[in-house]
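Biologist: Got a minute? I'd like to go through this structure with you.
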There are 2 protein chains.
Amino acid sequence: MRGMDEVRPGREPSPPALPAEHVESLVRVLDVVRDTTATTRPDIARRTGLGRNVVSDRVRQLSAVGLLTEGDLARSTGGRSPRQVRFRAEAGVVLVADVGATSIEVALSDLAGNLSHTHDEIADVTVGPTEVLSRVAALFDELIAALPDGTRVWGVGLGLPGPVEFETGRPVAPPIMPGWDGYGVREFMAARFGVPVWIDNDVNLMALGELRGGLAAGHRDVVLVKVGTGIGAGLVSHGLLHRGAQGCAGDIGHTAVRGSTALCRCGQHGCLEALAGGAALARDGLAMAIAGTSPALARAHAEGHEISAETVIRAAHHGDVSSRALVIDSARLLGEALARVVNFFNPSLVVIGGGVAAAGDLYLAELRQSVIGRSLPLATRTLDIILSPLADRAGLRGAAFMVVDELLSPARLSAPSHG
Amino acid sequence: MRGMDEVRPGREPSPPALPAEHVESLVRVLDVVRDTTATTRPDIARRTGLGRNVVSDRVRQLSAVGLLTEGDLARSTGGRSPRQVRFRAEAGVVLVADVGATSIEVALSDLAGNLSHTHDEIADVTVGPTEVLSRVAALFDELIAALPDGTRVWGVGLGLPGPVEFETGRPVAPPIMPGWDGYGVREFMAARFGVPVWIDNDVNLMALGELRGGLAAGHRDVVLVKVGTGIGAGLVSHGLLHRGAQGCAGDIGHTAVRGSTALCRCGQHGCLEALAGGAALARDGLAMAIAGTSPALARAHAEGHEISAETVIRAAHHGDVSSRALVIDSARLLGEALARVVNFFNPSLVVIGGGVAAAGDLYLAELRQSVIGRSLPLATRTLDIILSPLADRAGLRGAAFMVVDELLSPARLSAPSHG
DNA sequence: TCAGGTTAGGCACGCATCATGCATAAGTCA
DNA sequence: TGACTTATGCATGATGCGTGCCTAACCTGA
């Protein structure tokens with residue numbers, strides 16, 4: 001991996017060099033424009049508390065480096081119409097990837113988390129970091145090849161299915177990623193692409209995606225639950241990701257469920273994940289297919305189809321009674337665990353994401369009932385529990401926001417460093 | 001309550017008027033001096049990144065209003081010795097109270113959380129807000145009467161045994177405080193004493209006490225567990241109190257314990273609190289005394305002593321086998337719940353406070369074992385679990401820090417408002 | 001004890017930033 | 001169309017803060 005070209009020919013340094021002065025006000029202006037709390041100069045002045053003159057100047061500077069641009073005139077409020085100011089999300093792209101236990105998702109993202117060229121494929125994370133990351137890098141190469149000339153690549157954002165030490169970008173003792181412990185993921189990608197790289201847990205990135213540009217925008221205390229093969233949660237406190245001391249906060253998949261002894265992939269018995277995760281759904285569905293308890297699943301199995309969580313969910317939607325019971329049972333079990341989480345963390349919003357969220361209202365209704373029935377009334381008084389539509393790709397969007405937010409953070413702009 | 005003197009004669013407005021300019025640098029200087037990360041002018045400059053000139057000027061201003069003072073010369077590091085700068089904790093006092101389910105604690109605190117004139121008494125919070133708060137106010141009056149002339153009262157800090165909406169200072173649907181829901185506690189105290197008032201949950205205040213001036217200083221992710229009559233937790237994320245959306249975050253006392261149907265004071269069955277709290281210890285101890293299972297408790301009971309959690313703990317320490325088993329069982333149960341909390345929140349420190357913490361190493365050892373045996377290895381890798389000595393009065397200290405921190409916060413200093 | 005080096009800390013100056021006032025542009029409303 | 005309101009640029013002035021210089025006060029080594 002050594003000896004690669006540090007700076008690619010024809011690629012501009014990224015992000016565009018901002019003036020090192022006025023960092024604070026520059027960021028404040030940029031922030032309110034980015035999340036569209038302000039769209040005109042007077043708006044920005046009001047929101048940031050900066051003088052109208054300063055705002056004008058900062059907008060000028062940011063426009064000069066291509067981060068902002070003027071749009072049409074906005075509606076007048078009685079006098080001269082203000083010109084609209086817009087974040088130039090097209091000023092650069094971010095390479096984002098979400099490595100799951102059994103899959104790789106990559107995409108190109110603009111600076112506002114809008115994805116394009118999304119690509120999914122099956123992959124096994126257990127084959128180790130060099131192989132998986134090489135594949136991700138190859139996919140990134142394809143994305144880069146398709147870029148129009150002169151497009152700036154601002155950075156790489158990566159999600160991994162395990163705990164990550166955010167500062168160093170290294171996995172820490174990930175249970176389902178043998179060989180990845182302490183691996184220098186950032187160094188690998190930085191050497192390959194010569195741009196800044198950030199890595200985080202995939203569930204944290206989903207939470208960030210929902211927080212910065214999704215359903216959780218504006219909330220300060222959020223729990224995002226991803227129900228995929230496994231079950232995990234991303235926590236937001238004070239509007240910031242709560243990663244915990246080791247970066248492994250959010251584990252709810254391996255809490256014991258009463259009266260169960262099912263073996264979990266983590267090695268313990270009775271884990272929630274072993275009962276209510278996607279893998280559990282598939283396992284129980286297969287059992288029902290073989291036992292003949294479910295006509296629909298039995299037929300699918302007989303026809304040679306694999307029985308996956310998706311199969312079970314589809315059968316449930318088509319009225320298969322046993323599948324329906326399985327899905328509802330899964331929702332109820334998750335709800336019991338979530339009730340504890342709600343009591344403890346007291347979020348204003350719980351977002352359910354991941355593959356099982358495709359089960360839709362059937363799942364959500366049971367989940368809601370289960371949570372509300374077991375939580376303190378106060379904690380659920382204004383609590384919202386919603387599904388994150390799958391098409392959202394919150395994880396990839398979160399990866400993009402991670403990169404852009406870090407690059408445009410005051411700390412980095414005032415003292416440019418790694419990357 | 002209306003018509004009371006708004007500003008008492010002979011009492012100065014509080015806190016001393018700081019200049020409205022330079023608020024940010026003033027606060028930064030004050031902060032590093034307050035938590036003693038910097039004790040000399042050059043130190044302050046290094047820590048805050050401010051110029052030595054600015055630091056000198058701010059120190060001058062803060063000294064002029066009595067918040068800082070110069071001390072002796074510090075050790076030289078090769079050149080002229082710097083003069084030490086110290087926070088004048090004696091520049092004012094804060095009236096603090098911790099209202100528990102069955103008790104009132106009040107004290108005088110200096111601006112650094114050092115308590116004096118501590119006073120405890122039995123009280124029943126269920127008699128309602130006016131009665132309880134009047135009693136607190138009467139105790140405060142006694143404290144004020146004992147103050148030297150000219151002492152400035154900066155504010156009132158109050159802890160309550162239930163969820164509190166921090167911004168308004170009103171209890172929200174507190175389960176064990178009938179009649180308090182939505183009561184204007186702040187208004188009551190402000191009208192009575194004419195100073196700013198802040199109120200928070202008592203467990204949050206314990207966490208704040210440990211965070212700002214106790215065992216948790218410097219940690220960013222902390223869980224404080226109070227095991228008193230009931231069981232509750234205070235959470236610290238990013239070095240800030242996580243209060244949750246309704247201010248009721250930290251509930252762990254009412255999570256279901258498998259295989260139990262004990263009736264809890266919250267009305268549900270099988271709560272942790274009903275099994276492992278102080279009340280449960282007392283209840284089970286009494287049962288053992290009556291049944292004769294424990295000689296020590298039976299004797300105490302026969303002699304007419306009340307069997308409290310403290311009695312059981314003392315018996316355990318004196319070698320009473322049954323009491324010992326009871327205490328250990330309590331620790332084990334709490335440990336099981338805490339293991340889930342540790343997995344979910346991933347703190348770097350867990351502090352155990354409250355009356356049951358008096359059980360000491362006997363309790364702590366079993367608790368540690370129980371937590372570590374059931375948590376993810378990663379989450380416990382650098383986890384510390386410690387006891388908060390009772391004499392600490394972390395709650396009262398936290399109440400003092402709450403008031404002083406709010407009064408010396410940038411927001412308040414730049415735009416003085418309520419109080 | 002003294003010289004040379006190092007750190008503290010005050011004072012004056014100058015630069016840079018930001019707010020204010022004024023002029024102008026461009027809209028609304030009667 | 002005129003009076004009013006709002007937006008925006010430019011010049012001006014105040015203010016905050018860093019820098020350079022000086023003195024004070026300590027150290028080390030001869």
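Biologist: What rotation superposes chain A on chain B?
Modeller: This is a predicted model, to be clear. A rotation of 180 degrees, with 0.0 Å of shift along its axis, puts chain A on chain B at an RMSD of 0.1 Å. That is how a two-fold axis relates its copies.

Biologist: Which C-alpha of chain A is nearest the axis?
Modeller: That of Arg258(A), 2.9 Å from the axis. Both copies use the same surface, too: 98% of the contact residues of chain A recur in chain B.

Biologist: How many residues are in contact?
Modeller: 42 residues of chain A with 41 residues of chain B.

Biologist: And what area is buried between the chains?
Modeller: About 3500 Å². Carbon and sulfur atoms give 56% of that area.

Biologist: Which three residues of chain A supply more of its buried area than any other three?
Modeller: Gln246(A), Phe344(A) and Leu378(A). They supply 21% of what chain A buries against chain B.

Biologist: Switching to polar stuff. How many salt bridges across the interface?
Modeller: The rule finds 0. There are 14 residue pairs in polar contact between chain A and chain B, though.

Biologist: Which elements of chain A give two or more residues to that side?
Modeller: Strands E11 (231-237) and E12 (240-242), plus helices H11 (321-345) and H13 (377-380), all of chain A. The largest share, 5 residues, comes from H11(A).

Biologist: How does the side of chain A that touches chain B split by class?
Modeller: 20 nonpolar, 15 polar and 7 charged residues.

Conventions:
Residues are numbered from 1 along each chain as its sequence is written. Chains are lettered from A and ligands numbered from 1 in the order in which they are written. This is a predicted model: local features need pLDDT of at least 70, side-chain atom pairs count only at pLDDT 80 or more; totals for chains, interfaces and linings use all residues. Side-chain values use heavy atoms; hydrogens and water are left out. Copies are superposed by least squares on the C-alpha atoms of residues with pLDDT of at least 70 in both. Contact means heavy atoms within 4.5 Å. Buried area is the accessible area (1.4 Å probe) that two parts lose on being put together, summed over both. A salt bridge is a side-chain nitrogen of Lys or Arg within 4 Å of a carboxyl oxygen of Asp or Glu. A polar contact is a pair of N or O atoms within 3.5 Å; within protein, one must be able to donate a hydrogen and the other to accept it, and residues adjacent in sequence count only if both atoms are side-chain atoms. Helices (H or I, at least four residues) and strands (E, at least two) are DSSP runs, numbered from the N terminus. Ala, Val, Leu, Ile, Met, Phe, Trp, Tyr, Cys and Pro count as nonpolar, Asp, Glu, Lys and Arg as charged, and the others, Gly among them, as polar.
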